[in-house]
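Student: Please pick one part of this structure and take me through it closely. I would like to know where it sits and what surrounds it.

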Amino acid sequence: VKAVGVDAPSIDHEPYHAHKILLQNNVVIYENLTNLKEVVNKVFKFYGFPLKIYKGSGSPVRAVAIIE
């Protein structure tokens, strides 16, 4: 697994166990995604284009799914 995406504001709550486990294993987390029903049961490529934030630990992204 290279990434996990959810349609919720966060993948978990304090003490953020899922964040720690995933990020320690270099798994990117995409939160607060929308329109996921459009890609259910479809083959697609996902791209998440982050903002360049100096010394940031996270960023909003432009999330794009290209349906094949």
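Tutor: What follows is a close look at Asp12 and its surroundings, beginning with the chain as a whole. The model is a predicted one, and everything below should be read with that in mind.

The chain contains one helix and four strands. Read from the N terminus, its elements follow the order β-α-β-β-β. Along the principal axes, the C-alpha atoms occupy a box of roughly 35 × 25 × 20 Å. Of the 68 residues in the chain, 13% are buried. Among contacts with a separation of 6 or more, 38% are between residues 24 or more positions apart.

Now to the part itself. Asp12 belongs to the loop that runs between strand S1 (3-5) and helix H1 (17-24). Is Asp12 buried or exposed, and which side chain of opposite charge is nearest? Asp12 is buried, and the nearest side chain of opposite charge is that of Lys20, 8.4 Å away. A salt bridge needs a side-chain nitrogen of Lys or Arg within 4 Å of a carboxyl oxygen of Asp or Glu. Asp12 therefore has no salt bridge, since Lys20 at 8.4 Å is beyond that cut-off.

What does the side chain of Asp12 reach instead? One partner is the backbone nitrogen of His17, at 3.0 Å. Another is the backbone nitrogen of Ala18, at 2.5 Å. There is also a polar contact between the side chains of Asp12 and His19, at 2.6 Å. The contact list fits with this: setting aside residues up to four places away in sequence, Asp12 touches His17, Ala18 and His19.

His19 deserves a look of its own. This residue lies in helix H1. His19 counts as buried because its relative accessibility is 17%, and the limit for buried is under 20%. Besides its link to Asp12, the side chain of His19 makes a polar contact with the side chain of Glu31, at 2.9 Å. His19 thus has polar contacts with the side chains of both Asp12 and Glu31. With neighbours within four places in sequence left out, the contacts of His19 are Ser10, Ile11, Asp12, Ile29 and Glu31. As a gauge of distance in the chain, the C-alpha atoms of His19 and Ile53 are 19 Å apart, with their positions 34 residues apart in sequence.

The loop that holds Asp12 has other residues to notice. Pro15 is in the loop between S1 and H1 as well, and the peptide bond leading from Glu14 to Pro15 is cis, with omega near 10 degrees. Pro9 is found in that loop too. Pro9 has a relative accessible area of 66%, and so counts as exposed. Beyond residues up to four places away in sequence, Pro9 touches Glu31 and Asn32. Glu31 is therefore in contact with both Pro9 and His19, contact being heavy atoms within 4.5 Å.

Asn32 lies in the loop between S2 and S3. Although Asn32 is not a glycine, its phi is positive, at about 65 degrees. With a relative accessible area of 51%, Asn32 is exposed. Asn41, in the loop between S2 and S3 as well, has a positive phi of about 60 degrees and is not a glycine either. Asn41 counts as exposed because its relative accessibility is 81%.

Glu31 also leads to the largest pocket. This pocket has a volume of about 750 Å³. Its lining has 27 residues, and those nearest its centre are Ile29, Tyr30, Glu31, Leu33 and Val61. Two of these, Ile29 and Glu31, are in contact with His19. At least two residues of the lining come from each of S1, H1, strand S2 (28-30), strand S3 (44-50) and strand S4 (61-67).

To put the part together: Asp12 sits buried without a salt bridge, its side chain reaches the backbone nitrogens of His17 and Ala18, and it makes a polar contact with the side chain of His19. The side chain of His19 in turn makes a polar contact with that of Glu31, and Glu31 is one of the residues nearest the centre of the largest pocket.

Notes. Residues numbered from 1 in each chain as written. Predicted model: local features only at pLDDT ≥ 70, side-chain atom pairs only at ≥ 80, totals over all residues. Heavy atoms only, no water. Buried < 20%, exposed > 50% of the residue type's maximum accessible area, 1.4 Å probe, protein only. Lys, Arg positive; Asp, Glu negative; His and termini not counted. Polar contact = N/O pair within 3.5 Å; in protein donor to acceptor, adjacent residues only side chain to side chain. 1 Å grid on protein atoms, 1.4 Å probe; cavity = no way out; pocket = protein on both sides within 12 Å on 5 of 7 lines; lining within 4 Å. Points joined across faces, edges and corners; volume = space filled by probe spheres on them.
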